[in-house]
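User: I'd like to practise reading a structure with you. Could we go feature by feature?

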Amino acid sequence: MKSQNQKLKVWTGIGVATLLVSSGVTAEENANAQDEEMISSGAQGGEGGEHHGGEGGEHHGGEGGKHHGGEGGEHHGGEGGEHHGGEGGEHHGGEGGEHHGGEGGEHHGGEGGEHHGGEAGAAFSYFAAGGEGGEGGEGGEGGEGGEGGSSVSAVSSDGAYTAMISMMQGHLMAARELIKAGEVADGRPHLTHPWVEVYPMVQDGLARRGQNAMGPALERLAENAGEVSSWEDVQADFQAAWIATEEALNGVNDQGEVSPATVSKVVLTLTKQAVLEYDEALENGKFVAEHEYQDGRGFVISARDYLNSHQRALKGKNKEAWRDANKVLDELQKAWPMAVPPITPVVGTSELYSAQARLELALAPYLY
């Protein structure tokens with residue numbers, strides 16, 4: 001387990017971005033090309049999903065499902081991570097499912113991690129303490145609350161609600177990519193994560209918005225995960241779950257256009273959680289928790305999809321900020337070159353935390 005000091009090392013948070021903006025500092029530009037393999041293999045919705053770029057491009061999820069944005073995120077473990085299971089641990093997903101726990105328990109997430117008790121964690125701090133308001137979404141100055149982000153509610157915050165569902169989609173993307181690539185044993189646990197890890201946080205928000213189809217769909221997907229031996233075994237259940245997430249997101253979008261500030265906070269929540277997962281996956285320079293790495297990959301892909309699905313509004317407000325944010329997101333994505341972790345990390349943890357801070361800075365014109 002990593003020490004508290006290690007966890008807190010270079011996490012600067014949105015407050016530093018605010019300070020830099022007030023000092024006239026602009027986001028770094030980087031000419032690195034986008035990771036084509038990562039986008040082509042993951043930036044899709046469900047089976048056959050397609051991501052269209054272009055101005056106002058939209059993300060097609062599921063087999064024919066359409067993603068029009070929204071806002072959401074997930075938190076693995078809280079500070080220091082949360083234990084699952086006692087001695088012997090708890091097994092989610094039947095045979096081949098991921099084992100949460102064991103005699104010391106397995107940690108999910110770094111400092112921010114995903115809470116498994118229905119409470120949002122530090123990655124959701126962008127939506128904490130009075131960040132609501134503005135045109136159809138979160139506005140407040142800074143929008144960041146306490147370190148744990150525990151005041152965030154999917155009932156009252158459309159942004160947090162969207163980030164949580166987008167995290168579910170990140171888990172689903174990770175599962176689909178792994179299973180289709182033949183890494184079925186690695187993919188099965190990710191089929192359980194939306195139900196086990198994220199649903200407790202968002203269920204009250206779903207009920208408030210009359211979205212009742214998601215729970216049964218996610219539960220069925222999780223319960224059958226252990227019996228999956230090929231993509232064909234899970235395709236129908238996966239599709240039903242994906243469509244339920246799309247409908248839940250579209251229910252928010254139907255209430256009006258999502259503001260650039262809210263879009264930015266959703267993206268930052270997803271990428272912050274991805275960085276925390278990556279940090280948690282590493283120990284002594286090696287990946288020791290592959291599922292955390294894979295979660296992070298899914299969250300970054302989900303962030304990219306969400307950002308692109310709102311590019312018309314973002315570019316309309318500030319084209320330079322749009323360009324800068326995409327360049328930094330390209331840098332972030334390089335940490336996850338493939339679905340299975342590389343033997344040696346491509347990007348160091350400190351570099352990834354720095355990239356997250358630069359992304360906050362790049363998106364600052366939409367936030368303030």
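Analyst: Let's walk through the overall make-up, the core and then the salt bridges, keeping in mind that this is a predicted model.

User: Fine. How many helices and strands are there in the protein chain?

Analyst: The chain has 12 helices and six strands. Of its 368 residues, 59% count as buried. Take the contacts between residues at least 6 apart in sequence: 77% of them join residues at least 24 apart.

User: Now the interior. Which residues of the largest nonpolar core touch the most other members?

Analyst: The general idea is that in soluble globular proteins, nonpolar side chains tend to be buried together. Here the largest nonpolar core has 78 residues, and F124, L191, V202, Y278 and L359 touch the most other members. Several helices supply at least two residues each, among them α4, α5, α7 and α12. The largest share, 11 residues, comes from α4.

User: What is L359 in contact with, leaving aside neighbours within four places in sequence?

Analyst: L359 meets V267, L268, T271, A325, V328, L329 and L332.

User: And how do I read a single position, say A175: buried or exposed?

Analyst: Check the relative accessibility against the cut-off: under 20% is buried. A175 is at 0%, so this residue counts as buried. A175 sits in helix α4 and, beyond its sequence neighbours within four places, contacts G187, H190 and L191. T245, in helix α7, also has a relative accessible area of 0% and is buried. Not counting residues up to four places away, T245 touches I165, M168, Q169, L172 and M214.

User: On to charges. How many salt bridges are there?

Analyst: The count is seven. For each one, look at the distance, then at where the partners lie. E177 and R297 have their closest N and O atoms 2.6 Å apart. E177 belongs to helix α4 and R297 to helix α9, so the pair ties together parts 120 residues apart in sequence. Both E177 and R297 are buried.

User: What about D237 and R220: how far apart are their closest N and O atoms?

Analyst: That salt bridge comes in at 3.5 Å. The pair links helix α7, home of D237, with helix α6, home of R220, 17 residues apart. D237 is buried at 18% relative accessibility, while R220 is partly exposed at 36%.

User: Which residue does E331 pair with in a salt bridge?

Analyst: With R358, at 2.4 Å from N to O. This one links helix α11 and helix α12, across 27 residues, and both partners are buried. Salt bridges can also form a network, as with E320, R323 and D324.

How values were computed:
Residues are numbered from 1 along each chain as its sequence is written. This is a predicted model: local features need pLDDT of at least 70, side-chain atom pairs count only at pLDDT 80 or more; totals for chains, interfaces and linings use all residues. Side-chain values use heavy atoms; hydrogens and water are left out. Helices (H or I, at least four residues) and strands (E, at least two) are DSSP runs, numbered from the N terminus. Buried means under 20% relative accessible area, exposed over 50%, partly exposed in between (1.4 Å probe, protein chains only). Contact means heavy atoms within 4.5 Å. A nonpolar core is a set of buried Ala, Val, Leu, Ile, Met, Phe, Trp, Tyr and Cys residues joined through side-chain atoms within 4.5 Å. A salt bridge is a side-chain nitrogen of Lys or Arg within 4 Å of a carboxyl oxygen of Asp or Glu.
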